[in-house]
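Opening the notebook on a new model today. I want to go through the sheet, the helices and the pocket, and jot down what I look up.

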Amino acid sequence: RLIQTAQILKDIYKDVKPHEKQALILKDLFYNNVKDIYVECGRKFGKTFLLCDALRRYALLPPNAGCYYIAPFQKQAREILWVSKALHRMIPQQYIKGINNTEMRITLYNDAFIKLDGADNHESYRGIAPHILGYDEIKDHDPAFHVAMNPNRSVYNAPLIVIGTPPEVEGPATE
């Protein structure tokens, strides 16, 4: 298992590696067992890359993991990551078992998956049991999504990574 993990990490970081500040966040997630991570940073930090990196790494290691990337809007997730195939390119082809374009879901060799969606679809997430959950651009999220989804994290003690640029005004993103 250790050799397999080392090979996966070598494969996914062959071409692109997280920068120093991103690596500190990943260290907290994967080595320090931090379950709630909030990252507020400006443009060009690599917020979306960091979130996708955490999800792909999590999905590639334990089998059957449900990994969710949640943008403020489903259309935004589709345009930023799905249509551009940015997430697809981050996962070495040999680890991809299947791609479902309708659901925006990539299933991996170990039956884990990464699913992209939007916070505008909050009612459909009651009862889903994530293994890891990532919110991108939290300031634009519908707060009702977190109300519906957060209790579901308890099933697998799922980590939550919340990331975004600083909001202009106080509100749910700053609470």
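My entries follow, sheet to begin with, then helices, then the pocket.

**Entry: status.** I'm working from a predicted model, so I keep that in mind throughout.

**Entry: the sheet.** I looked up the strand order and got E1-E7-E6-E2-E5-E4-E3, an open sheet of seven strands with mixed pairing. Which strands stand at the edges? They are E1 (36–40) and E3 (96–100); each has a single partner strand, so one side of each is left without a neighbour in the sheet. I also noted the twist, which averages 15° from one strand to the next. Reminder to self: strands of a sheet pair through backbone hydrogen bonds, either parallel or antiparallel.

**Entry: a parallel pair.** I checked E6 (residues 132–136) against E7 (residues 160–164) and found parallel pairing over four bridges. For a register marker I wrote down Tyr135, whose bridge partner in E7 is Val162.

**Entry: the hairpins.** Next I went to E3 and E4, which pair in the antiparallel sense over four bridges. Asn100 sits opposite Arg105 of E4 there. Four residues lie between the strands of this hairpin, and Met104 takes a positive phi near 50°.

I then moved on to E4 and E5, again antiparallel, over three bridges. What does Arg105 stand opposite in E5? Lys115 is the residue I found. This hairpin has four residues between its strands, and here Asp111 takes a positive phi near 65°. I'm flagging both Met104 and Asp111 for my backbone dihedral list.

**Entry: helices on the sheet.** I asked which strands H3 lies across. The list is E2 (66–71), E4 (105–108), E5 (113–118), E6 and E7, and the helix runs at about 170° to E6. For H4 the strands are E2, E3, E4 and E5, with an angle of about 130° to E5.

**Entry: helix on helix.** Two packed helices are described by the angle between their axes and the distance between the axes, so I pulled both for the next pair. The axes of H2 (residues 20–30) and H3 come within 11 Å and cross at roughly 35°. The crossing is right-handed. On the H2 side the contact uses Gln22, Ile25, Leu26, Leu29 and Phe30, while H3 brings Phe49, Leu50, Asp53, Ala54, Arg57 and Tyr58. Sorted by class, that contact has eight nonpolar, one polar and two charged residues.

**Entry: the pocket.** Rolling a probe the size of a water molecule over the atoms shows where empty space is left. The largest pocket holds about 360 Å³ of space. Its lining has 17 residues, and those nearest the centre are Val16, Arg56, Arg89, Met90 and Ile91.

Which helices supply at least two lining residues each? I noted H1 (2–12), H3 (47–60), H4 (74–82) and H5 (86–90). H3 gives the largest share, four residues. By class I have 10 nonpolar, two polar and five charged residues in the lining.

**Entry: cross-reference.** H3 keeps turning up in my notes: across the sheet, against H2 and in the pocket lining.

Technical notes. Residues numbered from 1 in each chain as written. Predicted model: local features only at pLDDT ≥ 70, side-chain atom pairs only at ≥ 80, totals over all residues. Heavy atoms only, no water. 1 Å grid on protein atoms, 1.4 Å probe; cavity = no way out; pocket = protein on both sides within 12 Å on 5 of 7 lines; lining within 4 Å. Points joined across faces, edges and corners; volume = space filled by probe spheres on them. Nonpolar A, V, L, I, M, F, W, Y, C, P; charged D, E, K, R; others polar. Axes fitted to C-alpha atoms, helices over the stretch in contact; angles between N-to-C directions. Left-handed = near helix turned anticlockwise from the far one by under 90°. Contact = heavy atoms within 4.5 Å. Pairing = 2+ DSSP bridges.
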